[in-house]
Amino acid sequence: MRSIATMGMLLTGLAMSPAPAVAAGDAAKGAIVFKRCVACHTVEPGKKAGMGPNLAGIVGRKAGTTSFAYSPAMKAAAISWTPDKLDTFLTRPAAMIKGSRMAFAGLPNAQDRADVIAYLATRK
């Protein structure tokens with residue numbers, strides 16, 4: 001009887017534990033998903049930006065702060081690119097930063113987003 005009560009408390013505790021906001025990503029899979037982004041973005045440190053900014057070192061960086069010609073909306077965004085913020089942005093960029101010039105509808109699949117974020121975290 002005691003073990004049933006213990007199991008119940010354990011399950012209740014697990015159910016009440018906060019889930020990670022961003023799922024664990026696989027950087028190798030993220031590199032494959034990121035191929036959709038290479039028409040506009042690079043992740044090679046020091047490489048010139050294309051139609052979009054160079055994303056090397058983006059995780060932890062303040063939005064709109066590299067030498068790229070960002071939209072006024074992106075320059076004014078008072079955010080740093082944490083995994084949670086990247087996840088929100090990659091879901092629907094235009095919904096997060098109104099006036100952003102990023103012409104990308106977003107990545108609807110949460111695992112694809114997590115994988116891309118894991119990949120970007122390796123590109124310093």
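Helices here are DSSP runs of at least four residues, numbered from the N terminus. With that in hand, the fold of this predicted model is easy to lay out. The protein chain holds 6 helices and 0 strands, and from the N terminus on its elements read α-α-α-α-α-α.

Confidence comes next. The chain has an average pLDDT of 86, and 82% of the residues reach at least 70. Residues 1–20 are a stretch to read with this in mind: there the pLDDT is below 50, and the model shows 0 contacts for the stretch beyond near neighbours in sequence. Across the 124 residues of the chain, 33% are buried. Among the contacts with a separation of 6 or more, 46% join residues that lie 24 or more positions apart.

Helix H6 deserves a closer look. This helix covers residues 110–122, and its 13 residues should span 18 Å at 1.5 Å a residue; the end C-alpha atoms are 19 Å apart, so the model agrees with the expected span. At the start of H6, the backbone nitrogen of Gln 111 has a side-chain oxygen of Asn 109 within 2.9 Å.

Burial within H6 takes in Asp 112, Arg 113, Ala 114, Asp 115, Val 116, Ile 117, Ala 118, Tyr 119 and Leu 120. In an α-helix, residues three or four places apart point the same way, because there are 3.6 residues a turn. The buried residues of H6 pack against two other elements, helix H2 (27–33) and helix H4 (83–91).

One of these buried residues, Asp 112, can be followed in detail. Asp 112 sits in helix H6 and has a relative accessible area of 19%; this residue counts as buried because the cut-off is under 20%. Setting aside neighbours within four places in sequence, the contacts of Asp 112 are with Val 33, Arg 36 and Leu 107.

Helices H4 and H6 also appear together in the description of the largest pocket. This pocket has a volume of about 590 Å³. Its lining is made up of 31 residues, of which His 41, Gly 52, Pro 53, Phe 89 and Met 102 are the closest to the pocket centre. Both H4 and H6 contribute at least two residues each to the lining, and H4 gives the largest share, with 3 residues. Helix H4 is thus met twice: as a packing partner of the buried residues of H6, and as the source of that largest share of the pocket lining.

Notes:
Residues are numbered from 1 along each chain as its sequence is written. This is a predicted model: local features need pLDDT of at least 70, side-chain atom pairs count only at pLDDT 80 or more; totals for chains, interfaces and linings use all residues. Side-chain values use heavy atoms; hydrogens and water are left out. pLDDT is the predictor's confidence in each residue, from 0 to 100. Contact means heavy atoms within 4.5 Å. The expected span of a helix is 1.5 Å times one less than its number of residues. Buried means under 20% relative accessible area, exposed over 50%, partly exposed in between (1.4 Å probe, protein chains only). A polar contact is a pair of N or O atoms within 3.5 Å; within protein, one must be able to donate a hydrogen and the other to accept it, and residues adjacent in sequence count only if both atoms are side-chain atoms. On a 1 Å grid over the protein atoms alone, a cavity is a set of points where a 1.4 Å probe fits but cannot get out, and a pocket is an open set with protein on both sides within 12 Å along at least five of seven lines; lining residues have an atom within 4 Å of a point. Grid points are joined across faces, edges and corners, and a volume is the space filled by probe spheres set on the points.
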